[in-house]
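Here is a short briefing on one protein structure. Keep the sequence and the 3D view open as you read.

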Amino acid sequence: MRRAQIKNPISLRTRLFLILLAATSALLLSAVVWINHSTRAEVERVLDARLSEAARMVSSLISDRRVDVAQAAALAQPETFDTADGYSHQLSCQIWSLDGTLVGQSGHAPARPLAQETDGFSQNIVDGVEWRVYSVVNHDLGVRVMVGDSMEVRNRLVNGVIAGLLLPAAVILPLLAGLIWASVGRGLVPLDQMARALGGRPATDLSPLPATPVPREIRPVSIALNDLFRRLSEAREHERNFTAFAAHELKTPLAGLKTQAQIAAMAPDAATRQDALTRLIRGVDRTDRMVRQLLDMASVDSVPQDLNDEVETAALHDILAEVADNLAALARGRNVSIVLDGPDDTPGIHAPQFLVAAALRNLMENAIQASPDGGEVEVSWHQTGVDWCCTVSDRGPGIAAVDRNRVTDRFYRGAVGGLEGSGLGLSIVKTALDRIGGVLTLTPRPGGGETATVTLPHAALRTI
Amino acid sequence: MRLLIVEDDEMLREGLAVGLRLAGFTCDSVATRADADAALETGGFDGMVLDLMLPDGSGLDVLARLRAAGSILPVLLLTARDRSHDRVTGLDAGADDYLGKPFDLPELAARLRAILRRSEGRAAGHMIWNGLDLDPAAMEGTRDGRNLRFSRREFTILRALMERPGTIIGKSTLEERLYGWQEDVESNTVEVHVHNLRTKLGAAFIETVRGAGYRLARPAGADA
């Protein structure tokens, strides 16, 4: 159900395209806003200067009495031209006496005063038209000269500039979009190649990706994928080996059991029959251990997420004592004693208990089986720094130097001696310890035998 | 017939040795590839039962080495992997027969007898000479309508002589056939067993060739 709610993410290409397009558009837009703003300011500054200049000119003309007041207003329209783009009658001029009568005005100026009785610049609405006005008072003649600009004309000027900018932008933007789309596609070619290489292969193909050079950005992906493929094929190989080995390991004892049973059935004398029956019973015990180890192996191999439910905390010395107790019968049968030696105030191990037990049981079982008749298996535990160690020592033949590196391999039984085991014990120990972050160290014991040390990391320990 | 058993599992190895001894074979057994190679170099075997998965290598390597040295020793492979592909690999590597685990002891003995027989150039199961019909599978014979039973050692000597009638077989060769490594050779046993055989088959059946060994006498009435 949840899956249905998750929308398909948009493609990387579309995503990049949209981001780049948005960024480009924002850039263009802010340029337009800025140009609009600065153009408007510039136009205002220039036209205002012209307004004030025109007003002063009219005022000085009438002061010198060179021009009649009534004509002067008309003179203030020096740039009156009639063009199609509507910039005609740009300036209007009015001359008012200080007592409020209209002395003169330019041709298209409105009849009402363009400004109130203020000096300098002001902005007013007269007859529904907005004017920018500059007023100057001529005290000699007792008149006020007002020169005004229609704001509408000013806006048209600015808008013309902006339109001149936006029009090419509107043409460029689609072109730019196409260019971005193509470039992004081109940039993503290595990714496409990898996707095609992956998509085209069958599910069983776990070979590494083609060894073509890949860009730095997707190299981690390619490395991770190849690593995953390698681990998967290793796991598959492992499983194949496991099946073959398990078949061998189970069928061989079965063949042994059957052979001994047939010998017992056809034995010509009681001694032969008795011998066969004794071997038969021993064989069943061994096969039982083998089956248990195979099951142990399967359970320590199980997927990690299944383990979370099984995490419990139990004191280290309690676990050791329990495992030793379970192996007491085996030890007695071989005339071997197990000696436990360590403090009672151990921390708890916070881990799936069957992993801990499987590791320790297999170590002790190995030690018992390696021990000579009447031998002693010493199990001790102590703290080293923040970690805890437990050691299992025997006086058996020890591990041969040539086998030392391979003893934890699955089904490896040693090239010399040690033919009795399944070759699973130490592999189970190692796998189980890997799961809980523990470390197995095997060292020759001074005076003969082997010492197995399990280091339990601080992270797996809890105070109880 | 002396067999080399190569099997790493102790219980099965011991079982094979005892079981095949009961079936009339003399057996030596080893557990590793290295020991198998060493034993084969010593020689004196009539056949080999070979496990495929050995702790220090594959039985196929033992086989390959043996065949590379030009040996035609009959070899029967024993293995847990008895799918068709594995059987083909084993037979192509030079094995004479193949048996999957677990197997029937009587069947194993019968297959061994068959490949040994063929290696001697015989197809018939029974060996016939001078009126004696010897059944290797049952370790019995009939002569002049009488049923004859032989002990394992008597049978081993008789069989060795019947394989090549008329050829002189040395005493040491017979001793080698009789005893595995683990057994002590008693100085006069061959003589004792030959004596017992003469009691059962008639004094003239086996001839003593002074200083050389024994051979089967030619049938009475045949040309000299």
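Which residue takes a positive phi in the hairpin of β9(B) and β10(B)? M139(B) does, with a value near 55°. The hairpin has four residues between its strands. Keep in mind that this is a predicted model.

**Chain A as a whole**

- Chain A contains 11 helices and 13 strands.
- Of its 464 residues, 39% are buried.
- Take the contacts in chain A with a separation of 6 or more: 63% of them link residues 24 or more positions apart.
- The exposed area of chain A is about 25,900 Å². Carbon and sulfur atoms supply 58% of that area.

**Strand β8 of chain A and its partners**

- Strand β8(A) covers residues 348-352. Four of its five residues are buried, so the strand is mostly covered.
- β6(A), residues 311-315, runs antiparallel to β8(A). Five bridges join the two strands.
- In this pairing, V311(A) stands opposite P352(A).
- β8(A) also pairs with β13(A), residues 461-462. This pairing is antiparallel too, and has two bridges.
- Here I349(A) has L461(A) as its bridge partner.

**Hairpins in chain B**

- β9(B) and β10(B) pair in the antiparallel sense, with four bridges. L132(B) is bridged to R143(B) in β10(B).
- M139(B) sits in the loop between β9(B), residues 132-135, and β10(B), residues 140-143. M139(B) is not a glycine, yet its phi is positive.
- Is M139(B) buried or exposed? Its relative accessibility is 15%, so it counts as buried. The cut-off for buried is under 20%.
- β10(B) pairs with β11(B), residues 146-149, as well. Four bridges hold this antiparallel pairing. The bridge partner of T142(B) is N147(B) in β11(B).
- The hairpin of β10(B) and β11(B) has two residues between its strands. D144(B) takes a positive phi near 55° there.
- Side chains alternate along β10(B). G141(B) and R143(B) point to one face and are buried. E140(B) and T142(B) point to the other face and are not buried.

**Backbone features in two loops**

- N335(A) has a positive phi of about 55°, although it is not a glycine.
- The loop that holds N335(A) runs between α9(A), residues 328-333, and β7(A), residues 337-341.
- N335(A) counts as partly exposed because its relative accessibility is 44%. That value falls between the cut-offs of 20% and 50%.
- K101(B) and P102(B) are joined by a cis peptide bond, with omega at about -10°.
- P102(B) lies in the loop between β7(B), residues 97-100, and α5(B), residues 105-119.

**A buried residue in a helix of chain B**

- I157(B) belongs to helix α6(B), residues 152-163.
- Its relative accessibility is 0%, so I157(B) counts as buried.
- Which residues touch I157(B), leaving aside its neighbours within four places in sequence? They are L174(B), L178(B), V190(B), H193(B), V194(B) and L197(B).
- V190(B) is 33 residues from I157(B) along the chain. The C-alpha atoms of these two residues are 8.0 Å apart.

**Cavities and a pocket**

- The structure holds three cavities of 30 Å³ or more.
- The second largest cavity has about 40 Å³ of space. Among the residues that line it are M1(B), F25(B), R113(B) and F155(B).
- By class, this cavity lining has five nonpolar, one polar and two charged residues.
- The second largest pocket has about 530 Å³ of space. It is lined by 18 residues. D285(A), R286(A), L330(A), R334(A) and Q369(A) lie nearest its centre.
- Elements that give two or more residues to this pocket lining are α7(A), α10(A) and α1(B). α7(A) gives the most, with eight residues.
- How many residues of each class line the second largest pocket? There are 12 charged, three polar and three nonpolar residues.

Terms used: Residues numbered from 1 in each chain as written. Chains lettered and ligands numbered in written order. Predicted model: local features only at pLDDT ≥ 70, side-chain atom pairs only at ≥ 80, totals over all residues. Heavy atoms only, no water. Buried < 20%, exposed > 50% of the residue type's maximum accessible area, 1.4 Å probe, protein only. Contact = heavy atoms within 4.5 Å. Areas by Shrake-Rupley, 256 points an atom, 1.4 Å probe, with all protein chains shown as cover. Pairing = 2+ DSSP bridges. 1 Å grid on protein atoms, 1.4 Å probe; cavity = no way out; pocket = protein on both sides within 12 Å on 5 of 7 lines; lining within 4 Å. Points joined across faces, edges and corners; volume = space filled by probe spheres on them. Nonpolar A, V, L, I, M, F, W, Y, C, P; charged D, E, K, R; others polar.
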